Amino acid sequence: MDVPELTADEIQARVLYRDGLMLVIDKPAGLPVHRGPKGGANLESSFDALRFGLPRPPVLAHRLDRDTSGCLVLGRHRKATASLGLLFKHGRISKTYWAVVEGGPVDGEGTIDMPLGRLNAERGWWQKPDSEGQAAVTNWKVLGRGGGVSWLALEPVTGRTHQLRVHAAAMGWPIVGDNIYGNGPRFGEPRLHLHSREIGIPISRNKEPVRVVAPAPGHMHERLRACGWQGD
């Protein structure tokens, strides 16, 4: 299920927003943002096509999991990247994810306040609920239900690794296709139904935050429609 590297035309077609400071691109599911220790396709390898006249390619201001799609922010030069990094670090950037989960919550909305810690040394980034771990808070709202699944809007208040995936699974409604914390297959369909839908970036003090929305990826359409999504 790995996705090949994007050509210059393909990654340019995924630019959702561009100004002198930053880019927001629509990351495809299945493509890691960084080159792994074993090499392989990655998103960064295509960044040279996103210079748009500047001397250097843009740099990641944050990251998304390989199997998560949607809004990804890049800084276009060193000063902008540093400013964006501080905004992410201090929780100034608003993020809304769409997820399709198995079953779903009973209530219509709520908050998950559940600290997370590393699962173990061998599993690297994998996380688990841990009362002694780092604070992790997620707001959620049901947008639709149907076909045994629910369509949720998830807003991470904190930015822990795999936070949304662990929180959803721990609540008893794992994200469809999650092959670490849920019931997703190791290979094949369904792939992870988690999408960075909207991001709000207060990059300029005197202006309203820049708000960018990424279209729902094709692999989520069927289940989103089962939950009442109208295709917008």
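Here is a short conversation about a predicted model of a protein chain.

Colleague: How many helices and strands does the protein chain have?

Modeller: Some ground rules before we begin: residues are numbered from 1 along each chain as its sequence is written, and side-chain values use heavy atoms, with hydrogens and water left out. As the model is predicted, local features need pLDDT of at least 70 and side-chain atom pairs count only at pLDDT 80 or more, while totals for chains, interfaces and linings use all residues. Helices (H or I, at least four residues) and strands (E, at least two) are DSSP runs, numbered from the N terminus. The protein chain has four helices and twelve strands.

Colleague: Which strand does S196 lie in?

Modeller: Happy to point you there. The strand covers residues 194-201, and S196 belongs to strand β11.

Colleague: Does S196 count as buried or exposed, and why?

Modeller: Buried means under 20% relative accessible area, exposed over 50%, and partly exposed in between (1.4 Å probe, protein chains only). S196 has 2% relative accessibility, so S196 counts as buried.

Colleague: Which residues is S196 in contact with, leaving aside its neighbours within four places in sequence?

Modeller: Contact means heavy atoms within 4.5 Å. With those neighbours left aside, the partners of S196 are L64, T68, S69, G70, C71, T96, Y97 and A214.

Colleague: And what percentage of the 232 residues of the protein chain count as buried?

Modeller: The C-alpha atoms of the protein chain fill a box of roughly 50 × 40 × 35 Å, taken along the principal axes. By the same cut-off that I gave for S196, the buried share of the 232 residues is 46%.
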